[in-house]
Amino acid sequence: MTDPLLSVRDLQKYYYEQDTFVDTLLGRERQSVKAVDGISFDIEPGETLGLVGESGCGKSTTGETLLRLREATGGAVEFDGENVFEMGSDELKAFRKDAQIVFQDPFSSLDPRMTIGDIIAEPLRIHDMPTDPGDKSKREWRRDKASELLERVGLSATQLDRYPHEFSGGQRQRIGVARALALEPEFIVLDEPVSALDVSVQAQVLNLLDDLQTELGLTYLFIAHDLSVVRHICDRVAVMYLGNIVELGPTDELFESPKHPYTEALLESVPRPSTREQGRRVDALSGDVPSPRNPPSGCRFRTRCPKVIPPDDLDIDQEAYRAVMDLRDALVVGDVNPDHIWETADPERVDEEAFIEEARARHVDAELRGDVASVVDTALGHLVDGDVEQTQTVLRETFESPCETRRPGVGDTTHPAACHLYEGSDEVEVIETTADAPVSADD
Amino acid sequence: MADPILKIRDLSTSFFTEEGKVNAVDSVTFDVEDGEIFGIVGESGSGKSVTALSVIDLIDSPGRVTGGEVWYRNADLAEEFRGSRPEAVDGDFVDVRRLPKGVRRSLRGPSFSMIFQDAMSSFNPSITVGEQIAEAVEVQRRARANPRRTRSRTQGYGLGSAILDTFLPNRDYVSNESMDRAVELLDQVGIPDPEDRAEEYPHQFSGGMLQRAMIAQALAGEPDILVADEPTTALDVTIQAQILNLLRDLQEQEGMSILMITHNLGVIARMCDRVGVMYAGEIVERGPLGDIFENPVHPYTQGLLGSVPDIDDPSDRLEPITGNVPSLLESEMPDACYFADRCPKAMTDCMTRIPEYDLDGRHSVRCVLAEREYDEADALEQEVMADD
Amino acid sequence: MISERTLRNLRRELRRSLLAKIGIAVVVFILLMAVFAPFISPYSPGKQNLDEARLPPLGFSTAETKEVTKMENGSVVIEGGEVVTEERTVYTNATAAHPLGTDGNGRDILSRVIYGARTSILVGIFGTSLAALIGVLVGLTAGYYRGRVDDVLMRSADIMLAFPSLVLAIALVGVWGQAQAPIPDPFVVTGLAPAFRSALGFTTGMPDTVVLPGTVIVVVALVNWVWFARVARGEALSIREEEYVKAARALGASDGWTVLRHVLPNAITPILVLATIQVAAIILLESALSFLGFSGADVSWGFDIALGRQYQSTAWWISTIPGLAIVITVVGLNLVGDWLRDALDPGIEGEGGV
């Protein structure tokens with residue numbers, strides 16, 4: 001294998017809230033938002049690596065952080081063997097020539113007060129290029145270069161003096177690509193480049209990106225949430241969930257035999273434009289993505305995972321276990337309110353039993369049997385007095401999953417998955433923690 | 001087949017802007033059957049959302065529905081207006097557009113209801129979600145008690161009203177029964193702990209939850225027809241799957257019909273029984289899902305399907321439609337098939353307005369290819385379009 | 001920098017709004033008056049004539065019967081040990097020579113209003129420019145860098161705001177004294193205005209300098225920059241999130257480049273609107289300072305109001321006319337500000353789509 005063009009190691013980007021001067025004065029503890037929480041991957045020269053995930057998973061932050069458009073809070077990024085985060089301002093400026101970015105929003109990515117020609121020539125002016133314009137003035141040289149680029153991306157050079165608002169979304173996105181190409185970079189981060197476009201225009205831009213890569217030998221990091229697009233354009237794909245990479249592998253392999261339950265669910269959820277899709281009912285993941293302010297301990301995905309692993313000594317079927325885990329999560333986020341349970345409990349028998357029955361009906365979404373049922377009932381019994389904490393403790397003692405105590409990371413193989421299901425293989429590298437260490441106020 | 005619940009005939013809507021008249025919806029015709037999901041698919045600017053708004057009479061200035069009929073099957077209304085407005089009645093159907101304004105408004109809720117793409121901006125940020133749903137319930141409750149006279153909070157303008165609202169935020173508008181019903185509705189759309197969530201404000205909801213809450217609000221009037229305008233576009237795929245499941249469940253439980261507007265062909269495929277494909281304000285092709293997806297006749301439908309990358313089969317190259325979506329400015333619309341300038345199969349026959357051809361009673365298309373084969377001898381000399 | 005579309009919006013709003021037309025007319029009128037003062041002013045603003053003191057404006061002549069001490073040959077007539085009085089009709093006749101009357105020293109009020117406009121406009125424009133320069137610099141820096149820089153800069157701005165501006169201004173003038181820079185009046189020095197005047201038979205002897213009240217300009221700028229800082233910061237905060245700003249940084253642009261080429265041009269609209277309103281605010285502040293005698297200017301609307309105060313009951317016009325001049329100017333500027341705001345509202349820009 002050749003050396004990777006870009007190598008990301010344990011990249012971490014935390015944002016801090018309540019971090020203003022006033023907050024410090026008031027002694028408020030700052031809160032961390034773990035947008036990107038220690039991810040690693042390589043990109044080989046000439047390949048397209050896809051970074052997919054749902055909104056808020058940290059994929060765009062990753063793209064911007066590795067280009068140092070945002071300062072990382074940890075980790076390292078090596079580009080062509082040089083650590084990007086340690087570059088001085090001259091080196092960084094040189095790096096900018098090699099690594100470019102195309103943004104999602106074709107409306108906000110072009111300065112409305114500049115002409116297309118100026119926008120495309122701006123990178124050249126910033127880098128005071130060309131050094132030797134030959135027999136032309138620098139200005140003419142840049143203008144010619146801008147026309148050339150404009151035609152390269154499929155627009156007409158006669159449009160050089162127009163303003164962005166005169167163009168459609170797809171055309172603007174082409175202009176954004178032309179600007180990124182002006183410095184002849186090796187590597188381009190494509191941050192959702194076609195998400196804002198209509199399908200017919202999207203296809204045009206995808207084809208353009210494909211052609212440019214072939215002709216210019218570009219390397220792409222393609223950030224997207226649309227899995228169909230990723231499948232179409234990427235060589236390898238990394239799937240992100242809540243600041244972590246959960247699976248990484250060659251595109252066809254990952255799409256045809258996904259390993260991580262999240263990847264499976266994601267692929268399952270995508271509506272296909274085909275008649276086979278008609279009336280297909282998807283086993284949708286339940287619930288919402290948890291907040292990155294307070295992510296779940298252990299595996300980030302465990303709160304929604306349909307394959308969450310029960311403790312070894314527990315005999316329970318998957319559906320029942322998921323239901324119990326959902327009850328536990330509901331207790332944590334405060335979705336269980338004893339008062340409401342009392343209100344709707346059987347009015348004929350206002351006693352503990354009726355309460356427990358109603359609590360089960362409301363909050364446990366599966367039939368429980370044997371020991372499991374009695375433990376859950378005992379736990380719910382504590383709710384009668386409103387002792388939520390005791391309920392949680394009882395449930396934790398019996399039902400604590402390995403998924404919540406230890407955090408899985410991607411291993412060092414060609415197709416790793418950060419999931420406890422693969423424990424024992426090289427695909428997963430388990431990080432032993434009992435809980436995520438809280439971020440203290442002074443770091 | 002039973003009578004449809006809704007028959008749209010030649011509906012046209014224009015916007016009167018400074019640049020000129022924009023024909024956003026141009027003579028659109030389709031039916032929505034009882035208990036079906038009818039999908040309208042198109043790219044941005046195709047007029048699909050304006051069609052939805054026109055159907056439920058929510059077009060605001062500078063726009064205006066300029067023509068056409070919206071026949072809605074409702075025996076009671078038909079009976080009521082048979083004498084006074086015979087032109088608006090046909091059997092069990094009434095033409096909503098020819099009913100008095102007050103009646104039209106009173107149909108919103110119990111007959112038509114709508115959900116939008118952006119749930120966050122559909123809720124008032126300063127009122128709890130439960131109260132806003134209860135308000136919708138209350139409006140319906142009062143309408144039933146005293147039809148034709150509904151009032152909503154928004155009509156309480158003026159200083160006096162503002163002062164009263166400040167000190168008595170609930171001012172007896174939302175009754176306890178309505179609030180209970182709101183909680184029930186929230187429960188029905190799968191919101192956990194609905195009693196507490198009802199007391200929360202929109203910003204405390206996640207995007208998916210808010211979308212559910214909006215659906216709950218739309219269900220308050222137990223509508224016959226739910227118009228869903230890009231209901232999952234702003235959502236992630238896993239949440240989208242939840243919402244689509246929910247909509248299907250509700251549609252089966254309530255037996256309502258859904259008019260589903262989206263740009264996502266996958267969503268159409270999963271949800272809809274029949275589809276209309278819109279381009280430049282017209283429905284260019286419509287029919288049962290299978291016919292449209294398997295045997296599309298219109299080159300635009302073919303191009304649209306060819307543009308979507310297939311997640312299960314990455315073919316090497318996409319076959320996009322060239323060019324851009326046209327402006328709908330009346331002065332710039334050609335007296336020809338609107339798609340001709342982008343069409344790979346444009347022929348000389350296309351240089352006139354194309355009528356809707358009926359293929360087999362279910363599948364219709366606005367394209368000359370319905371009647372003849374493509375013949376290169378007749379191919380339209382395509383100007384090399386400058387990319388503007 | 002002003003795009004075609006902006007111009008179109010400006011014109012459209014102007015066509016639509018009567019108030020905008022009035023505002024522009026007023027402001028243009030005042031500006032012309034200030035610029036061409038040496039040509040159109042009937043007299044030098046400083047020319048005194050005690051014989052013609054306190055003449056009323058045209059249309060306000062009074063005739064009043066008064067008991068006055070009888071005088072003969074310049075001495076008081078005494079008869080029988082008593083001062084003899086007589087009844088006389090005292091005419092205070094308005095004269096076309098002084099259409100707006102004269103002040104307590106017999107100076108022509110019209111001339112003083114015309115020349116006073118110069119002071120107000122100079123302070124208004126230079127003060128606003130300086131305030132905008134400081135404020136925009138601080139605001140853009142704070143908004144662009146955010147974090148600690150923002151904290152420090154904007155908290156200091158808040159502290160500035162906490163002081164009553166007039167008190168602060170008085171204190172600053174007190175510390176720095178009244179530095180005034182006499183600038184030669186180009187029209188007078190070149191002989192253009194005197195030639196014009198003598199050709200038309202006007203009085204000559206116009207002052208050959210314009211006094212630029214330096215301290216006042218600095219002081220009003222120091223008091224009012226905060227408003228610019230706040231607006232500029234708000235704009236910078238939102239513009240820095242625009243992808244074209246990110247793109248510029250990704251291209252290797254320095255912060256200075258990014259701010260000057262992308263943030264400032266896109267923030268300029270609200271700053272311009274604010275500046276128009278600020279000219280009015282600063283003119284008011286200058287008048288207040290002059291009224292209180294802190295500006296050192298001796299030809300200023302505020303100063304003239306103060307001069308007329310002692311005659312308020314007998315010669316109201318001495319205070320009222322410069323007061324009206326201030327009101328008209330301030331209202332006119334505000335109307336122009338409203339017009340700019342309505343026409344340039346960024347909400348109108350952006351994509352029209354159906």
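Domain 1 and domain 2 of chain A have C-alpha centres that lie 50 Å apart. In this predicted model, chain A is split into domain 1 at residues 6-234 and domain 2 at residues 318-400. Chain C has two domains as well, and their C-alpha centres are separated by 48 Å. Here is a quick tour of the domains, a sheet in chain A, the contact between chains A and C, and the annotated segments of chain C.

**Domains of chain C**
- Domain 1 of chain C is built from two stretches of sequence, 4-59 and 97-344.
- Domain 2 of chain C covers residues 61-93.

**A sheet in chain A**
- Six strands of chain A make up an open sheet with mixed pairing, and their order is β6-β7-β8-β3-β9-β10.
- Why do β6 (99-102) and β10 (244-250) of chain A each have one side without a neighbour in the sheet? Both strands stand at the edges with a single partner strand each, so nothing in the sheet flanks them on the other side.
- On average, and with direction ignored, neighbouring strands of this sheet are turned by 15 degrees against each other.
- For the edge strand β10(A), the pairing with β9 (residues 236-241) of chain A is antiparallel and runs over six bridges.
- If you would like a spot to look at in the structure, find Tyr241(A), which stands opposite Asn244(A) in β10(A).

**Where chain C touches chain A**
- The contact involves 18 residues of chain C and 23 residues of chain A.
- Three helices of chain C, α5 (147-162), α10 (243-250) and α11 (255-291), each supply at least two residues to the side that touches chain A.
- Which helix gives the most to this side of chain C? That is α10(C), with six residues.
- Sorted by class, the side of chain C that touches chain A holds seven nonpolar, seven charged and four polar residues.

**Annotated segments of chain C**
- An unreviewed UniProt entry places the feature "transmembrane region" at residues 18-40, 121-145, 157-177, 210-228, 271-294 and 314-336 of chain C.
- One of these segments, 121-145 of chain C, is 100% helix and 0% strand in the model, with its end C-alpha atoms 35 Å apart.
- Another annotated segment, 210-228 of chain C, is 79% helix and 16% strand, and its end C-alpha atoms are 28 Å apart.

Methods
Residues numbered from 1 in each chain as written. Chains lettered and ligands numbered in written order. Predicted model: local features only at pLDDT ≥ 70, side-chain atom pairs only at ≥ 80, totals over all residues. UniProt positions renumbered as here; feature names shortened; annotations may be inferred. Helix = DSSP H or I, 4+ residues; strand = E, 2+ residues; numbered from the N terminus. Contact = placed C-beta atoms within 7 Å. Nonpolar A, V, L, I, M, F, W, Y, C, P; charged D, E, K, R; others polar. Domains from an automatic or database assignment. Pairing = 2+ DSSP bridges. Axes fitted to C-alpha atoms, helices over the stretch in contact; angles between N-to-C directions.
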